[in-house]
Amino acid sequence: MKVGIPRTLFFYKFYPFWKKFFEELGFDVIISEPTNKEILDLSVRYAPSEACLPVKLAYGHSWSLKNKVDILFVPRIVSIEQKAYMCPKFLGLPDILRNSKIDLPFILDVEIDRRSDPFSSFDAFLKLGKSLVKDRRKVLHAYFSARKDLKEYERLLHEGNRLDYLIEGEKYKERNDHQTLNIGVIGHSYNIYDRFINNSLLDNLSKLGVNIYMMEEVNWNKILKE
C-alpha cells in the first residue's frame with residue numbers, strides 16, 4: 001500500500017520521521033514533487049480564497065498525488081510547543097481537504113498537540129500505528145526508528161546542511177571562510193525551502209557569494225529563551 005505525503009507546511013520539519021514511520025510499518029512512501037506552476041495553479045483553483053499561499057499549496061500537492069497513492073497523510077497539528085497554538089487552518093487542514101472539490105484518496109490524520117503534554121506525539125503515533133497494523137512491537141519499533149532518523153536530520157541541519165538538499169538525500173553546506181558578508185535567513189521552512197514560491201531565494205544568495213546561516217543552526221531552546 002502506498003502512502004502519499006504532500007510537500008507542504010510541516011513536511012519540511014518532520015518528513016524524515018513520517019517517512020521512516022510508515023516505511024517501518026510496511027508502506028511505500030511517495031512525496032509530491034516540488035512546487036511547480038501546475039501545482040500552484042491547481043492550488044489557487046481549488047483552495048478557499050482567504051487561505052494563505054502555504055495552505056493553498058496543500059490542495060495542489062494533494063491533487064498531484066491522488067492517482068499515485070492509496071492514502072494521503074495529512075496530520076492535524078494543533079501545537080508543536082507548550083502554551084502555543086498553530087494557525088486554525090493547520091488544525092482543520094485534514095477536514096478542509098476532505099471537503100474540497102478534489103476527489104482525493106482516504107485522508108489519514110493524526111493529532112499533534114504538545115500544549116500541555118510533550119509526549120503527545122508518542123501517544124498519537126502509537127494509536128495511529130495500531131490502527132494500521134496489529135503488532136504493537138512493530139509500531140513501537142517504527143516510532144523509535146523514526147525518532148532516530150529525525151534526530152540525525154536535525155543534527156545535520158544544526159551543522160549547516162541545507163534542508164532542501166537533505167530531503168533529496170544529499171548533503172550540502174557551502175561556506176567561504178574568506179567571505180565577510182554573512183546573512184541569516186529567518187522564516188517558516190515551508191516558505192524558505194520552497195524554491196518555486198520564493199524564486200530560489202537561497203540559491204540566488206549563494207550565487208552572490210554570501211554565507212547563509214539558517215534558523216535550524218540555532219538551538220531551539222535558545223530561541224525559546226530569547
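Helix 1 passes helix 7 in a right-handed crossing; select these two helices first in this predicted model. Helix 1 covers residues 11-24 and helix 7 residues 136-158, and the two pack at an angle of about 150° with their axes 8 Å apart. The pair is therefore roughly antiparallel, since angles over 145 degrees fall in that class.

Next, display the side chains at this contact. On the helix 1 side, select residues including Y12, F14, F17 and F21; on the helix 7 side, those to select include V139, A142, Y143, L150 and Y153. By class, the contact comprises 11 nonpolar, 2 polar and 6 charged residues.

Turn then to the salt bridges, of which the structure holds 15. Select R7 and E168, whose closest N and O atoms are 2.9 Å apart. R7 belongs to the loop between strand 1 and helix 1, and E168 to the loop between helix 8 and strand 7, so this salt bridge ties together parts 161 residues apart in sequence. R7 is buried, at 8% relative accessible area, whereas E168 is partly exposed, at 44%.

Move on to D95 and R76, which meet in a salt bridge of 2.9 Å, N to O. D95 lies in helix 5 and R76 in strand 4, 19 residues apart. D95 is partly exposed at 34% relative accessibility, while R76 is buried at 15%.

Finally, select R98 and D109, with closest N and O atoms 2.4 Å apart in their salt bridge. R98 is in helix 5, and D109 in the loop between strand 5 and strand 6. Keep both pairs displayed: salt bridges with shared partners join R76, D95, R98 and D109 into one network.

Terms used
Residues are numbered from 1 along each chain as its sequence is written. This is a predicted model: local features need pLDDT of at least 70, side-chain atom pairs count only at pLDDT 80 or more; totals for chains, interfaces and linings use all residues. Side-chain values use heavy atoms; hydrogens and water are left out. Axes are lines fitted to C-alpha atoms, for helices over the stretch in contact, and angles run from 0 to 180 degrees between N-to-C directions. Helices (H or I, at least four residues) and strands (E, at least two) are DSSP runs, numbered from the N terminus. Angles under 35 degrees count as roughly parallel, over 145 as roughly antiparallel, 65 to 115 as roughly perpendicular and the rest as oblique. A crossing is left-handed if the near helix is turned anticlockwise from the far one by less than a right angle, and right-handed if clockwise. Contact means heavy atoms within 4.5 Å. Ala, Val, Leu, Ile, Met, Phe, Trp, Tyr, Cys and Pro count as nonpolar, Asp, Glu, Lys and Arg as charged, and the others, Gly among them, as polar. A salt bridge is a side-chain nitrogen of Lys or Arg within 4 Å of a carboxyl oxygen of Asp or Glu. Buried means under 20% relative accessible area, exposed over 50%, partly exposed in between (1.4 Å probe, protein chains only).
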